[in-house]
Amino acid sequence: MPELKVSAIREGTVIDHIPAGKGLKVIEILKLGKLSNGGAVLLAINVPSKKLGRKDIVKVEGKFLSEEEVNKIALVAPTATVNIIRDYKVVEKFKVEIPDVIEGILRCANPNCITHYEYVTTKFYVISREPLKVRCHYCERTMEEEEILANL
Ligand code: CTP
Ligand code: ZN
């Protein structure tokens with residue numbers, strides 16, 4: 001079978017090796033549906049992959065990710081690779097990594113948590129990566145994958 005071709009981008013970021021079916025969620029959490037720079041966003045779903053069987057790919061023209069954005073991707077797509085593209089070449093490649101402590105990017109699922117009433121930065125400790133599980137620093141509520149994805 002001939003290899004499936006997805007357009008190369010000139011300048012920007014390719015988020016590769018996303019678990020199949022999670023690409024749209026990556027677009028959602030990075031708010032790429034309303035990208036302000038006018039660049040194109042490409043999504044490939046269910047592409048054959050040697051490592052993963054099937055994978056999704058998100059390509060974003062003219063955008064480079066912040067550390068916070070990379071950490072968000074790690075929570076949704078822990079197998080993802082981030083490629084930075086300049087002048088059509090991959091100039092940097094790294095795997096995302098779930099940090100030990102997640103600050104500021106997740107809401108607490110406990111409606112009574114102080115983080116909903118005071119201006120404090122949320123803080124969670126990662127207690128397991130597979131399956132994903134975190135604990136709120138303020139109320140000790142634990143959250144598993146489904147709740148985490150709903151509160152990004
Ligand atoms: N890519 C792109 N535009 C470019 C260059 C690369 O969209 N101008 C994409 C490729 O299609 C691929 C990813 O960026 O999805 C990484 O490119 P590359 O490192 O060349 O591919 P591989 O060697 O297959 O990557 P890996 O080893 O990480 O699987
Ligand atoms: Zn809490």
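No disulfides are counted in this predicted model. Four cysteines instead appear as protein donors of the zinc ion (ligand 2), namely Cys-108, Cys-113, Cys-136 and Cys-139, each through its SG atom. The distances from these donors to the zinc ion (ligand 2) run from 2.3 to 2.4 Å. The angles among the four donor atoms range from 100 to 113°, and the site is tetrahedral. For comparison, the ideal angle for four tetrahedral donors is 109.5 degrees. In sequence, the donor residues follow the spacing C-x4-C-x22-C-x2-C.

Two of these donor residues were also examined for solvent accessibility, and both Cys-108 and Cys-113 are buried. Cys-108 has a relative accessible area of 3% and is therefore classed as buried, since the class requires a value under 20%. The relative accessible area of Cys-113 is 1%, so Cys-113 is likewise buried.

With regard to overall architecture, the protein chain contains three helices and nine strands. These elements are arranged along the sequence in the order β-α-β-β-α-β-β-β-β-β-β-α. The C-alpha trace spans about 55 × 35 × 25 Å along its principal axes. Of the 152 residues in the protein chain, 40% are buried.

At the surface, Leu-24, Leu-43 and Ile-45 form a nonpolar patch of about 270 Å². Ile-45 belongs to strand β2, which covers residues 41–49.

Several backbone features were also identified. Most residues other than glycine have a negative phi, and most peptide bonds are trans. Against this background, the peptide bond from Glu-130 to Pro-131 is cis, with omega near 5°. Pro-131 is located in the loop that connects β7 (123–129) and β8 (132–136).

A positive phi occurs at His-17, a residue that is not a glycine, with a value of about 55°. His-17 is part of strand β1, comprising residues 12–19. Its relative accessibility is 12%, and His-17 therefore counts as buried. Tyr-88, also not a glycine, has a positive phi of about 70°. Tyr-88 is situated in the loop between β4 (81–86) and β5 (89–95). The relative accessibility of Tyr-88 is 53%, so this residue counts as exposed, the cut-off for that class being over 50%. The two positive-phi residues thus fall into opposite accessibility classes, with His-17 buried and Tyr-88 exposed.

Note on methods
Residues are numbered from 1 along each chain as its sequence is written. Chains are lettered from A and ligands numbered from 1 in the order in which they are written. This is a predicted model: local features need pLDDT of at least 70, side-chain atom pairs count only at pLDDT 80 or more; totals for chains, interfaces and linings use all residues. Side-chain values use heavy atoms; hydrogens and water are left out. Donors are N, O and S atoms within 2.8 Å of the metal (3.2 Å for Na, K and Ca); water is not among the atoms, so sites may look incomplete. Four donors count as tetrahedral if all angles lie between 85 and 135 degrees; four count as square planar and six as octahedral if opposite donors are over 155 degrees apart and all others between 65 and 115; anything else is irregular. Buried means under 20% relative accessible area, exposed over 50%, partly exposed in between (1.4 Å probe, protein chains only). A disulfide is a pair of cysteine sulfur atoms within 2.5 Å. Patches are made of residues with over 30% relative accessible area and no salt bridge: like charges are joined within 9 Å, nonpolar side chains (Val, Leu, Ile, Met, Phe, Trp, Tyr) within 5 Å. Accessible areas come from the Shrake-Rupley method with a 1.4 Å probe; for residues, only the protein chains shown count as cover. A salt bridge is a side-chain nitrogen of Lys or Arg within 4 Å of a carboxyl oxygen of Asp or Glu. Helices (H or I, at least four residues) and strands (E, at least two) are DSSP runs, numbered from the N terminus.
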